[in-house]
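User: Hi! I'd like to learn how to read the surroundings of a bound ligand in a model. Could you walk me through it?

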Amino acid sequence: MTSTITPTTSASYQQCASCGTRFSDTDASPRCSACGGLLAVVHAPPGMSGTELRALFAQRRASGDGGSGVWRYREIVLPGAGEHIVSHPEGNTPLLARDRVSSWAGVPQLMLKHEGHNPTGSFKDRGMTVGVTQARRIGARAVACASTGNTSASLASYAAHAGMRALVFVPAGQVALGKLAQSLAYGARTLMVRGDFDACLALVQEASTRLGIYLLNSINPFRIEGQKTIVFEILEQLGWDAPDWLVLPAGNLGNTAAFGKALREAHELGLIARVPRIAAIQAQGASPFAKSFREQFATRHTMKAETIATAIKIGDPASFDRGVDAIRFTNGVVASVTDDEILDAKAIIDGSGVGCEPASAASVAGVRLLVRDAVIRSSDRVVAVLTGHVLKDPGALLRYHQELSPAPQYANPPVEIDPTIDAIERVLGD
Ligand code: F0G
């Protein structure tokens with residue numbers, strides 16, 4: 001392992017996870033320039049005990065402190081952000097309990113962390129507030145990402161807020177309507193690439209290096225720092241009494257990586273006494289990580305991805321190695337669920353009044369599967385993360401409720417009627 005220390009101006013630095021080379025925290029390279037590995041951000045210890053940190057976060061929460069559920073944790077997210085912060089604000093999302101969802105999944109103590117309540121409707125805003133803050137810190141004029149739709153919506157919004165040009169690469173014809181609409185509305189230059197997400201990601205990496213545009217995909221380690229706060233906030237909402245499981249949908253594995261890093265740090269800093277297990281859930285048609293998990297990660301699999309959950313339609317996850325670390329560190333599991341299981345879970349979540357996009361429902365479908373397989377016990381305390389808002393994918397919703405034949409079990413088709421009381425009575429009598 002080599003370690004060339006570049007002088008830094010702040011208490012944080014970037015370090016390659018593969019070869020250990022260190023870089024300044026203001027280096028803009030998307031990957032390690034020595035070996036091409038993925039970078040991680042390392043902060044100087046905050047110099048406070050777990051108890052002191054918890055008290056600081058609680059005091060900020062009580063006082064409002066700008067209203068961001070990301071920057072409340074700034075000492076362990078990006079202590080050098082200073083006056084550069086670009087915040088909507090974001091985070092402070094609810095932790096919900098719904099009997100109907102719990103009983104369907106088979107876990108009475110199931111809680112739903114609804115990240116769809118973020119300003120652009122997905123958890124990506126937590127990574128993006130930090131990513132765009134970092135872009136401003138290093139003086140970037142333009143930012144770019146490849147996306148299945150949520151990252152691009154978030155990037156477009158935060159770039160607009162910061163007054164930066166945004167370039168997004170999305171797979172043509174494979175992005176849910178709400179997400180594409182957001183990217184256009186917030187003013188990003190939107191490139192529809194004739195290829196899948198994996199092709200978009202390869203293209204944007206080359207483009208950003210050649211054209212000097214700051215890359216804000218989740219390979220960017222500052223995005224990961226922001227997404228850690230989903231975990232910090234869940235733990236804080238539970239009074240720092242860690243649940244048994246954190247369950248989340250997994251595609252490119254940036255979020256799985258962020259969860260692992262957050263739990264490692266929360267434990268090391270004394271914020272929690274016990275580390276919950278991560279369950280990463282993939283769609284069966286896009287499940288290279290689950291396949292590798294079944295072989296104890298001996299092989300890094302890739303596949304041509306196909307699933308209704310377009311957000312996680314990814315065949316070659318970029319954060320694979322980081323994802324493996326997260327699963328190993330937490331004694332976690334990786335599972336996959338079918339599109340039908342995803343749609344049924346979504347219908348239950350939607351029907352409880354909570355609502356989420358298809359990929360998000362994979363987490364609850366995963367809980368049900370893991371309970372059936374006796375991996376999760378029905379007495380466990382489980383938090384399932386809902387990553388995106390119900391309105392992100394109206395196309396999938398309308399297909400499910402009014403187009404599929406035969407109608408699915410939980411379909412709720414609209415009924416067209418004549419404008420008469422008789423007609424209403426007939427419907428009510430059905
Ligand atoms: N859920 C939703 C709603 C997502 O949009 C994504 C990823 C994930 C789960 C999976 O997270 O990739 O970190 O494992 N969406 C990315 C995007 C790929 O471009 O919006 P992951």
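User: Which backbone atoms lie 2.8 Å from an oxygen atom of the ligand?

Analyst: Happy to help, and keep in mind that this is a predicted model. For polar contacts, look for pairs of N or O atoms within 3.5 Å. Here, Asn255 places a backbone N or O atom 2.8 Å from a ligand oxygen. Gly251 has a backbone N or O atom at 2.8 Å from an oxygen of the ligand, and for Thr148 the value is also 2.8 Å, again from a backbone N or O atom to a ligand oxygen.

User: How much of the ligand's accessible area does the protein cover?

Analyst: The idea is to take the area the ligand has on its own and ask what share the protein covers. On its own, this ligand has 470 Å² of accessible area, and the protein covers 99% of that. The space the ligand takes is the largest cavity.

User: Which residues come nearest to the ligand, and which helices supply at least two residues of the shell?

Analyst: There are 20 residues around the ligand, and those that come nearest are Ser147, Thr151, Gly251, Asn252 and Thr387. Helices α4 (150–162) and α8 (254–268) each supply at least two residues of the shell.

User: Now a residue I picked myself: is Ser102 buried or exposed?

Analyst: For this, compare relative accessibility with the cut-off: under 20% means buried. Ser102 counts as buried because its relative accessibility is 6%.

User: Where is Ser102 found, and what does Ser102 touch?

Analyst: Ser102 belongs to helix α2, residues 99–105. Leaving out residues up to four places away in sequence, Ser102 touches Val107, Pro108 and Leu110.

Terms used:
Residues numbered from 1 in each chain as written. Predicted model: local features only at pLDDT ≥ 70, side-chain atom pairs only at ≥ 80, totals over all residues. Heavy atoms only, no water. Helix = DSSP H or I, 4+ residues; strand = E, 2+ residues; numbered from the N terminus. Buried < 20%, exposed > 50% of the residue type's maximum accessible area, 1.4 Å probe, protein only. Contact = heavy atoms within 4.5 Å. Near = heavy atom within 4 Å. Polar contact = N/O pair within 3.5 Å; in protein donor to acceptor, adjacent residues only side chain to side chain. Areas by Shrake-Rupley, 256 points an atom, 1.4 Å probe, with all protein chains shown as cover. 1 Å grid on protein atoms, 1.4 Å probe; cavity = no way out; pocket = protein on both sides within 12 Å on 5 of 7 lines; lining within 4 Å. Sits in = over half its atoms within 2 Å of the grid points.
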